Each structure stands twice: as structure tokens, then as C-alpha cells.
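Got the model open in your viewer? Here is a short tour of what to select and what turns up there.

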Amino acid sequence: MTEQRPTSILDLNMDSLVQCASHLSIQDISNMAITCKYLQKIAYSDSVWQSLFRGRWPQPIPYYSIQKSSVREAYLMRHNAVQQLKFEDPLVADFYADLKSQDFMLLDKNEIIYSQASLIHILKIDQYLSGIEHRLTLRDHGAKVTCMRLFPMNGMPSNENEMERNNTVLVTSSFDHSIRLWRKGSSYKCFRGHNGEVTTLSDKLLGDGHGTIFASGGIDCTVRLWSLNPTGKRGQHASKATLYGHEKPVTMMSVADHKCSLLASISKDSKVRVWDTTTASAVRSSCCVGMTTVRGAPVAMKSHESLLYVAAGSSVVSIDLRTMREVFSLTQKSSLYSFDVLPSKSLICTGGTGSAMLWDIRKMSDTKAKPMAELDGHEGPVKHLHMDAYKIVTGGPDDSNVNVWELETGSLSNSLTCSPIDTCFGCSAIAVQGCRIVTAGIGEEYGVLRYRDFSNARCHVSSDSDSDSSKPLSKFWDQQSCNDFEEADD
């Protein structure tokens, strides 16, 4: 008697598999496509991607796009266009502020968080859109807020439900010598220990992703480690270590990617120190494992894998944290005002006067390396810069618009006004999260936070370079797209 072969998923016919795949998420579809050629063919079928398209966007797929490409290609083009903010009709909400500027700003899910002097304001986007009270003001700090971070709720009290444990907590530092952790609209913990103003916080938690330790730096030239979930009454055991070695106030800190117990800090005198926090204790400690100095006043600092990128003066320097040796450096003609790096794309962007520069990291070995693109058209210094896998966003305090650029080409995707009023003369802050963006417009009498959500936008921005009105703007979108959507809605 011959042994029967066990039944596998490949024994199902293609129609059945397509029907099953139509109920999967895009991540599951992507995983399915890399298993074998047969399942890839199913994963790329139009029926599967029509289901994904309908599930994400309420608009139907324009008929002409299906004729020019597969539905999968149409989905990906639409996704890229949304992420690059290439539309004229996003959802817009304007929040008017009493003061003229916003010092720091974060965009987190349903909340816009921004600071003005000692105050922290939290705006609930969905409540505003529903026409109910939406603004919460936190007043516990006694002096100007110097830094704001959102950390995951690792190790927080376990009596919370799973959804809340997956959320973030707000941590802020201030010139009032304190650090505060905020939960549910109030100050949950106050950390004190610095002998002076607290100037900065680590960009993420120390540890392997489950840690609860963060770091702070102060005008007292120390780096201090704290626990998000301290023991003892009122958290008096929050302080974990004090790290000495800097001779000037600490201005920035970044946690290493390749070893999350390593913390890099830089002080006003441009001296960089790297600390192994696993050897630190609650007593006076010297766990510095590396030192170097960069040229110019520090502007920004970021870590990726074993490399530390430091922007200072008019240069960006890459340092190998394992050897503390310089890997490469780039220099632009004007002073640096902002900086961002996207190592996965081998790109660095630097903000200067009137423009930003896009650099290819792979060409940094050339001593005469030049930027691959100049993102110009700004007035004054480009102090606000965001870069992700799809786009670059640039802005400044002397420019009432922020510009959006395609990452791969450096070409202009969109230009967004910061305020609905003509008296806006600059941008004081930006915050970007995927296809959502918040800009803070500076006015003579008050400021405006303008929130845009491009998720369900319909009308693609017009292109000045397309002199032929019949020429499609892209393989997916053309100038009929808005009309097609409107006809489909009627």
C-alpha cells in the first residue's frame, strides 16, 4: 500500500488561494510573495491587490490606471504618492496658539504635543475634528522646557491593559532642574538630581528594547541615568548613576544601535564621550569608554549601527564607536543649521542658508565629494529638516512655507503653507509621521499649528514641467484623477 503524500497549501487551486489571500494584510502578502514562484504569482494577482486597495482607500481605482499597470503597481504608486505628500487636498485642521512660537513639537498617533516656554500643550486631533474640547495644558514645570521625548511604556505598572502598555509616555526636561514623566494628562513622576538646568534627554531608552533606563544631560556637565519605573515610595530610587567627565554643559545624547548599553554624549566644547552604562552604578562613576572632539558648535547627533553621525559647525563627521576613529566627513560652504541621516538609503541631508544639501554617503571617500542635489528656494536658514524612506521635508523661521522633496531624486513634490493667514512670516517647528505633518506658523500676534493628513487625499499636485495637458503626471496619476473620483462618488 503506497503511503499518501500529506496535503499542503499548494494542493489548493489558484482561485481558492487568491480568495484566501484577499483577506491577508499587506505584510502577510509580502511574506507570501517570497516563499515560492507559485505563491508569488498569487500574491501579485489583481484580485488580491484590489482588496488591499479598497481596504485602505475609499476611492475606486481610476479605470485608466488599470489599463496602464497592474493593480499592485497602482497600489504602490498611490502609496508612494501619499507618503510623499503629493496632493493638493489633504485633511486640514488649524489650531491657534496664544503665543508666537512653539519650542518643541511631537506628533504621536492622535495627539500633537508642543511646548511654549514652561507650558506643554496636548491637542487631541479626533476631538477637535468632532467639535469638542481638545486642548490640555500641563503646567508643572517652573521654567522653559528644554527637551521632549516619547518613550515606550516598558516596565510600567502591569495593571494596565495590553493596549495601554503598547503606548508611549512623554518625558520632558526643563531649566527648573527637573525631569517629568507624564501620564493620563498629569505629572506622574518628577526626577531631580541635576545641580542646575537639565538641557537634554537621550533619544531612546538604553537596553535591548525592553529597557526602562533613559539618560539626561545638564548644565552641571554630568550625564545621569534614570529608571522609568523606579522602586521605593514616590520613586526616590529613580536615579541609577551619575557619569562625570564632561567639562562643559551637555547638549545632546544618542544611544548606539549596535550595542544599546552604549550612550554617546556631546558637550558645548564639541567633545564627544561614549559611556558603557552597564558598568555604571548609583555612586560617582567613570565608565567612559571612548572620547573624541569635532570641529565647530554641535548641531545634531544620531547613531546607526556602530556609527555615530555628528553635525557641528559646517561639517558632518561619521565616527566608528568601536574604534572612535573618523570614517568620513563632509563639509558644506555655509554653517549647518539642521541635519538628518538615512543610512538604509545611504543619504545625508544638511540644512544651510537658503537651501538644504542631499549627500550620497557612498561617495564620501572622495575628498572632493559634492552634494547630489541642492534643495533650494528657502528664505534664511533651514533649521527644520525631516527625512524618511520616501521624502525630505525642509523649513525655516524666515519662510512661511515648508517644502517636500522626493528622496530619490531631490525634486520638489509639494510646498505647504504654514498658516491660513497672510501675517505668518515663518515656521518655528515641524513634526512628520508618515503621511501626516504638523507645521507651526509664526505670526505677529499668535501662532498657528496646521495639521495635514494625506491618507485619503484625491487631487495630485500639478506639475509645472508638464506643458502638455494630456501627458500623465505619472504612470498612475494624471490630470483627470480628481474628475474620475468625483464621477465615481456621484
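**The whole chain**

Start with the surface: the protein chain exposes about 23,500 Å², and 48% of that comes from carbon and sulfur atoms (Shrake-Rupley areas, 1.4 Å probe). This is a predicted model, where local features need pLDDT of at least 70, side-chain atom pairs count only at pLDDT 80 or more, and totals for chains, interfaces and linings use all residues. Numbering runs from 1 along each chain as its sequence is written, and side-chain values use heavy atoms, leaving out hydrogens and water.

Switch to cartoon and you'll see nine helices and 33 strands (DSSP runs: H or I, at least four residues, for helices; E, at least two, for strands). Of the 490 residues, 51% are buried (under 20% relative accessible area, 1.4 Å probe, protein chains only).

**The largest core**

Next, select V402, I437 and F454. Within the 34 residues of the largest nonpolar core, these touch the most other members (a core is a set of buried Ala, Val, Leu, Ile, Met, Phe, Trp, Tyr and Cys residues joined through side-chain atoms within 4.5 Å). Among the elements that each supply at least two residues of this core are α1 (14–21), α4 (46–56), α6 (71–83) and β29 (401–406).

What does F454 contact, leaving aside its neighbours within four places in sequence? Zoom in on F454 and look for V82, L85, F87, P90, N414, L416, C435 and I437 (contact means heavy atoms within 4.5 Å).

**A second core**

Finally, pick I266, L308, A312 and L321: they belong to a second, separate core of 16 residues.

Conventions
Buried means under 20% relative accessible area, exposed over 50%, partly exposed in between (1.4 Å probe, protein chains only).
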